[in-house]
Amino acid sequence: MSIDYLRISVTDRCNLRCVYCNPLGDCGFFEHGEILRFEEIERITGLFTECGISKIRLTGGEPLVRKDIVGLVEKLAAIPGVDSLALTTNGVLLEPLAARLKDAGLQRVNISVDSAQRDSYKRITGFDLLPKVTKGIYKAIEAGLTPVKINSVIIKGLNDSAEQITALAGMSIHLPLTVRFIEYCPTGKYTKPASDYLPNKDVRAIIERKYGPLSSVVEGHNHGPALNFKVKDSAGAIGFISGRSSTFCCSCNRLRLTSNGKLMPCLYSAHTYDLKKLIRSGASEKAILDLLKRIISEKGNYTKLNSLKEDFSMCKVGG
Ligand code: SAM
């Protein structure tokens, strides 16, 4: 498997309080000085491209709350070797930024929306912001940040009714976007218990009961952990990312960089490499490149089956 994908969390702060991710709104924030500066992110990204990384995704916390995120996008888009530049957002701040992000060189956005119903959205995120997010989705499509993907995490007792799931899936019928159902991954004592996860096979059965059999999408979209399908004659697609009920470690091509500069080779491992410390200590370019190459060559040693699982916060890691 070639390792070509780096997810960069640009902040651990978020403007939502999703019950399964950041319910307290405070996952033990990093101090300002601990967070990677833009020039550090730019430098690390440049070094990674020399090691075969060509796909970058900005995430958070909420990446759009980081001051001058458009400026960062512009810097990263200009790095030779960055072929794909995308961002994952909750969409709250997207409407006024979508066109500027596109102009700065962003190619695509994934937008997290766990309910297409206003009351339920508010219950999950703590804020009555679904109309604002919906405007952001339309703006992203209009700006050409496509294909827009909607990420939805289904949690038992929260948004697992047939009505809620089919409303989310139904967005893919008339709009040219992919609605992806991501299995809930229990992460810590303040989020939802592991038993609250609904397997994607159940989500799919609910969708097929309403819309009929889903057909597999074969053309070029099926790399990465999502398996994509279509409702007959729909404008968009439906994807399933089944990290709990299946294992895709052997096809995992991603590394994660936390906002305080720790590189995580595997979401399920507590093992990290402190890149911020290395670059702030004045390490030579060769020393950093040697470490990155070693991390990449050893990535295959991690699987969720042999990794040490411990409490962690998705808003720190970036999803
Ligand atoms: N704030 C941005 C957003 O909402 O998309 C980016 C960060 S968020 C941590 C990235 C993704 O992780 C979102 O799609 C979110 O739904 C997902 N996520 C957060 N906690 C999760 C969990 N416990 N299990 C599965 N997915 C989770």
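Strands are taken here as DSSP runs of at least two residues, numbered from the N terminus. In this predicted model, strand E3 (84-89) and strand E5 (148-153) each supply at least two residues of the shell around the ligand. That shell comprises 19 residues, of which the closest are Tyr 20, Gly 61, Glu 62, Ser 112 and Cys 185. By residue class, the shell divides into 6 nonpolar, 11 polar and 2 charged members.

Polar contacts to the ligand involve both side-chain and backbone atoms of the protein. An N or O atom in the side chain of Ser 112 is placed 2.5 Å from an oxygen atom of the ligand, while a polar side-chain atom of Glu 62 lies 3.0 Å from a ligand nitrogen atom. In the case of Thr 89, a backbone N or O atom is found 3.4 Å from an oxygen atom of the ligand. Of the 550 Å² that the ligand exposes when taken alone, the protein buries 93%.

Helix H1 was examined separately with respect to its length and its surroundings. The helix covers residues 38-49, and its 12 residues should span 16 Å at 1.5 Å a residue, which agrees with the 17 Å that separates its end C-alpha atoms. Because 9 of these 12 residues are buried, H1 is largely enclosed by the rest of the structure, where buried denotes under 20% relative accessible area. The buried residues of H1 are Phe 38, Glu 40, Ile 41, Ile 44, Thr 45, Gly 46, Leu 47, Phe 48 and Thr 49.

Methods
Residues numbered from 1 in each chain as written. Predicted model: local features only at pLDDT ≥ 70, side-chain atom pairs only at ≥ 80, totals over all residues. Heavy atoms only, no water. Near = heavy atom within 4 Å. Polar contact = N/O pair within 3.5 Å; in protein donor to acceptor, adjacent residues only side chain to side chain. Areas by Shrake-Rupley, 256 points an atom, 1.4 Å probe, with all protein chains shown as cover. Helix = DSSP H or I, 4+ residues; strand = E, 2+ residues; numbered from the N terminus. Nonpolar A, V, L, I, M, F, W, Y, C, P; charged D, E, K, R; others polar. Expected span 1.5 Å × (residues − 1). Buried < 20%, exposed > 50% of the residue type's maximum accessible area, 1.4 Å probe, protein only.
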